[in-house]
Amino acid sequence: MTTVPTLEPARLIDPSFHASDAPHEVWRELRTHSPVHWHEPTRYPGFWSLTRYEDIRAVSRDARVFSSARGIVLRPTAQGADVGGGRTLALTDPPRHKALRNLVADWFTTRSVRTLEESMRQAVRAVLARAVETEGCDFVADIAARLPLYVICRLMGVPDSEQELLFGLTKKAFAAGEPEIRSAAHQQILQYFTELMYQRMDEPADDLVSALVTGEVDGELLTEEEVLLNCDNLLVGGTENVRLAVSSAMRTFLDRPGDWERLRADRGLLPTAVEEVLRWTSSATHVMRTVTEPVVLHGRRMEAGDRVVLWIPSANRDEQIFDDPYRFDITRRPNRHLALGTGEHFCLGGMLARVEMRVFFSELLDSVGSIEQTGPAVPVESIVVSGLERLPVRLTAR
Ligand code: HEM
């Protein structure tokens, strides 16, 4: 059996290990010495780790052999199966997946996203105007979290007057700290969407919740539970990764002021900068699949029922694909990163995320003169997502 010389792949399931760059060392060794690596069961079930770009791409694009229906993140065995299995978009296999995706896809096309762009700019300007008036704030919660939440609320049909309520709840539900507080906030979010769902059942409008309530898959309406689970996933999917990617990116730019000034001088670099931010931050740390029939990869045989974990940040640092992969380069081209996944489950909000990030950084460059970090950045401790929990800053107007 292939051995990994020095490092400890077992640490990949330790959330605190992911609060630094250390996993990159392990992934690099796995890519070289053990590209299909078996992890014995612990408090997590046993699973295979894949770390090479081409393997992660191929598995993501083969939904028949590598199913999403039994969950797409590795969960402790004690937590049991994910309730979303076979019900939410991300956890459904073809052909049902396509029908479910078609119910909501129109809201995420390039054309639809473009129509939101001006209101996104206004929303960011308002957030930044408030932030520069304060003595200091948390870049993550007070700035980066705002735009994606505003956008997803608009798409879902949450009235403007209720966005602050939802903002407060998501802030609690996503923050580190007491699990009871997080879980209570999450329950309140579900309660909120339950009420919105009933309103839209009575009176459908032009929004995502109405599309889920009125749309049919295989000639049948979704159940109330399916509508709610999908609302929850859209809210989390639509806010969490953008918040994390944008705040990690800010930290990266604070460490590299030359790149920030270069972007200020040449906004034409924004599109390639956003792609590099996506690659560099790779805020979705892994996605998981379950094998449906025996398959051999690099001489290792995976059995039906085996879990396969795809480490996305590793794919995005694969030296076989990217020149100088450990260098942050806002002009990088080509940049075929997998930060948004690939294949059937390619991120539904991929275009939206890109436009949000472009708008966000261009407004930040326009209206903020200096950004000073006023305290230590606190990383998220998770094996599922990466980024910052907190980034204290002081902003001054331009
Ligand atoms: C930086 C921002 C984002 C990142 C890094 C990201 C990452 C990803 C990844 C890696 C996947 C693939 C999951 C898989 O293969 O199983 C995915 C799927 C998905 N994302 Fe995103 N995402 C981002 C923004 C968004 C936004 C703004 C939305 C808006 C609602 C969104 C909604 C979704 C949904 C619904 C899926 C499931 C699609 C399907 O299974 O067909 N994401 N995302």
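This short talk walks through a predicted model, from its ligand site to its two sheets and a few backbone oddities.

Let's start at the ligand. How many residues surround the ligand? There are 27. H97, R101, R289, H345 and C347 come nearest. By class, that shell holds 16 nonpolar residues, 8 polar ones and 3 charged ones.

Now the iron. Which protein residue is the donor to the iron atom of the ligand? C347 is, through its SG atom, at 2.3 Å. The protein gives the iron a single donor, so keep that cysteine in mind. Where does C347 sit? It lies in the loop between α13, residues 312–315, and α14, residues 350–367.

Next, the polar contacts. Take H97. A polar atom of its side chain is 2.6 Å from an oxygen atom of the ligand. R289 also reaches a ligand oxygen. There, an N or O atom in the side chain of R289 is 2.7 Å away. G237 works through its backbone. One of its backbone N or O atoms lies 3.4 Å from a nitrogen atom of the ligand.

Which elements give two or more residues to this shell? They are α3 (96–104), α10 (224–255) and β7 (286–291). Among these, α10 gives the most, with 6 residues.

On to the sheets. Look at the one with 5 strands. It is open, and the order is β1-β2-β10-β7-β3. The pairing is mixed. Which strands are at the edges? β1, residues 36–39, and β3, residues 66–67. Each of them pairs on one side only. Note that β7 is in this sheet, and β7 also gives residues to the ligand shell.

Zoom in on one pair. β1 and β2, residues 47–50, run antiparallel over 4 bridges. W38 has W48 in β2 as its bridge partner. So what lies across this sheet? Helix α2, residues 53–60, lies across β2, β3, β7 and β10. Its direction is at about 125° to β10, which covers residues 307–311.

The other sheet has 3 strands. It is open too, in the order β4-β14-β11, and the pairing is antiparallel. Its edge strands are β4 (137–138) and β11 (368–373), each pairing on one side only. β11 and β14, residues 392–397, pair over 5 bridges. In β14, L395 is the bridge partner of I371. Helix α4, residues 110–133, packs on this sheet and touches β4, β11 and β14. The angle between α4 and β14 is about 100°.

Last stop: the backbone. Most peptide bonds are trans, and most residues other than glycine have a negative phi. Here are some exceptions.

The peptide bond from P94 to P95 is cis, with omega near 0°. P95 is in the loop between β3 and α3. Another cis bond runs from R333 to P334, with omega near -5°. P334 is in the loop between α13 and α14. C347 is in the loop between α13 and α14 as well.

What about phi? S282 is not a glycine, yet its phi is positive, about 35°. Where is S282? In the loop between α12, residues 270–281, and β7.

To recap: C347 is the single protein donor to the iron, and α10 gives the most residues to the shell. Thanks, everyone.

Technical notes: Residues are numbered from 1 along each chain as its sequence is written. This is a predicted model: local features need pLDDT of at least 70, side-chain atom pairs count only at pLDDT 80 or more; totals for chains, interfaces and linings use all residues. Side-chain values use heavy atoms; hydrogens and water are left out. A residue is near a molecule or strand if one of its heavy atoms lies within 4 Å of it. A polar contact is a pair of N or O atoms within 3.5 Å; within protein, one must be able to donate a hydrogen and the other to accept it, and residues adjacent in sequence count only if both atoms are side-chain atoms. Ala, Val, Leu, Ile, Met, Phe, Trp, Tyr, Cys and Pro count as nonpolar, Asp, Glu, Lys and Arg as charged, and the others, Gly among them, as polar. Donors are N, O and S atoms within 2.8 Å of the metal (3.2 Å for Na, K and Ca); water is not among the atoms, so sites may look incomplete. Two strands pair if DSSP finds at least two bridges between them. Contact means heavy atoms within 4.5 Å. Axes are lines fitted to C-alpha atoms, for helices over the stretch in contact, and angles run from 0 to 180 degrees between N-to-C directions.
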